[in-house]
Amino acid sequence: MSIDSPGFAPPAYFAAADLGATSGRVFLGDLSPGRLQLTEMNRFENTPVRLPDGLHWDTLALYQGVVDGLRAASRATDGCLTSIGVDSWAVDYGLLDADGALSGPPYHYRDSRTHTGAESVWPKIGPEELYRITGLQHLPFNTVFQLASAAGSAQLHTARTLLLIPDLLTYWLTGSLGTEETNASTTGLFDVHTGTWSDDVLNALSLDRSLLLPLRSPGDPAGTLLPHVAADTGLDPATPVTTVASHDTASAVAAVPATEPHFAYISCGTWSLAGLELETPVVNEASREANFTNERGIDGTIRYLRNVMGMWLLEECRRTWAAQGRPAHLPELLADAARAQAFACIIDPDAPEFLPPGDMPERIAAYCRRTGQPVPRGQGPMVRCILESLSLAHRRTLRQAAKLADREISQVHLVGGGSRNELLCQFTADATGLRVIAGPTEATALGNILVQARTAHRVGDLHDMRQLVARTQELRHYTPRGNKASWDAAEARIVRPGGEM
């Protein structure tokens, strides 16, 4: 049923716990005829913790932030939530022992232990075979490589259950165990063709099949609130927790406000996830060599995309500058960047030195020195370098995706936090030569809520969901301008791994 149907029920309220790599949020979604409104209930930092054994997520603090947000949502709705959903970033996991207790803080995907995981996997199952089964982009921190790095550890030896981060939070809210499929598809343990865990991968790596739980699809019930959670939040214990597209990118893509076919999307936050929505995976050698991934979306769709280092570069620069006593507000930085010289220096955002936390301005400077380019002098030129380089990466990725999938692209939807960055949106339009539609900023939370709403029969199919977003959310349009030849020349200057142009 469409939300605009005659006789539509009174407003319904849904809570979305949306955990990003730098912050967590709980949003209240208010759905009524022709209306979809988000209200932020709680926003909290997601600050990694470095312990003697490595970099970890503080999942207890994240859980407390979610509970605090649900308490605020309960107060705002007099305890009448229709349902709750949880999404987060991908690949990371917690391990439960035989008593169902978390055996230690989950590792962060940027921890250095991932550096050697792939080396121990390839002799057992080669990259070609792994890609044939999983269709997954090679990233050194994929779950399969993290597990290989953990082989022989006491923690893995005593583990009885593996839970991806949103499933761990759902378990703490409900006591119910399961693994959602869009996030499972990012692990390197999932068969992209069958939509099930891959026994071939598990057997090749001698991984215990019993660690992995039955798969859930977006819209499946995930349980109701445990009594102490209900008491802490003021919600009815019968409040359902609904399985959403728990990989945040899958939720964001579900909320892309596409009203025309042949669109591309860029979900731009800490990472830029740039690609296409397909009906079937593209699993061939050309796709593997181009490092494209085939991840699950809602309704069996395929998110054919590549991870590009996103706003992480800018946020790490800002963090470093603040630590040096040079804090910079984003509007001023963007104004300075707009005035800076165009294409003074260009970097490859996916160069491996940019992955770990650290002094990003110095790393960018070192990259420029190594490649014979002038070093950006000042914050504005540094930001311009990042945004132009990121826009070129968007262009490169979308053009490759279109070629590999044999699809035309008519326009680009840029959603997520990066959609607020007007300079990045305009540069992306200029670089790609395509119209860019920016927004919604909180696409992930909207996708989370829309899956819940569809489950509650408050909105129709995926097309209806996207139409509703397009009608109710603020969007901005950017048309290409400037000199195409300048972007082509800048692209030709990118230094690839190994030093080749």
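The legends below describe four views of a predicted model, beginning with the whole protein and then turning to one helix and two single residues.

**View 1. The whole protein, with its 19 helices and 21 strands.** The radius of gyration of the protein is 22 Å, close to the 23 Å that the globule rule gives for 501 residues, so the protein is as compact as a globular protein of that length. Measured out along its principal axes, the C-alpha trace spans about 60 × 55 × 50 Å. Of the 501 residues, 60% count as buried, and the accessible surface of the protein comes to about 19,000 Å², with 52% of that surface belonging to carbon and sulfur atoms. Among the contacts with a separation of 6 or more, 73% are accounted for by residues that stand 24 or more positions apart. The protein carries 42 positive and 56 negative charges, and the mean positions of these two groups are 6 Å apart.

**View 2. Helix α1, residues 59–76, and the elements that cover it.** This helix has 18 residues and reaches 26 Å from its first C-alpha to its last, which is close to the 26 Å expected at 1.5 Å a residue. Many names appear in the list of its buried residues, including Leu62, Tyr63, Val66, Val67, Leu70 and Ala73. What covers the buried residues of α1 includes the strands β1 (12–19), β2 (23–32), β3 (35–45) and β6 (83–88), together with the helices α6 (165–174) and α9 (227–233). After α1 comes aspartate 78, whose phi is positive, near 55°.

**View 3. Asparagine 142, in the loop between α3 and α4.** The loop that holds asparagine 142 runs between α3 (127–134) and α4 (143–150). Asparagine 142 has a relative accessible area of 4%, and because this is under the 20% cut-off, the residue counts as buried. When neighbours within four places in sequence are left aside, asparagine 142 is in contact with Val91, Leu136, Gln137, Thr186 and Thr187.

**View 4. Tyrosine 478, in strand β21.** The strand that contains tyrosine 478 covers residues 476–478. With a relative accessible area of 9%, tyrosine 478 is buried, because the value is under 20%. Not counting residues up to four places away in sequence, tyrosine 478 touches Glu422, Cys425, Gln426, Ala429, Leu434, Arg435, Val436 and Ala438. Tyrosine 478 and aspartate 430 are 48 residues apart in sequence, and their C-alpha atoms are 8.8 Å apart in space.

Terms used:
Residues numbered from 1 in each chain as written. Predicted model: local features only at pLDDT ≥ 70, side-chain atom pairs only at ≥ 80, totals over all residues. Heavy atoms only, no water. Helix = DSSP H or I, 4+ residues; strand = E, 2+ residues; numbered from the N terminus. Buried < 20%, exposed > 50% of the residue type's maximum accessible area, 1.4 Å probe, protein only. Contact = heavy atoms within 4.5 Å. Expected span 1.5 Å × (residues − 1). Rg over C-alpha atoms; globule rule 2.2 N^0.38 Å. Areas by Shrake-Rupley, 256 points an atom, 1.4 Å probe, with all protein chains shown as cover. Lys, Arg positive; Asp, Glu negative; His and termini not counted. Charge placed at Lys NZ, Arg CZ, Asp CG, Glu CD.
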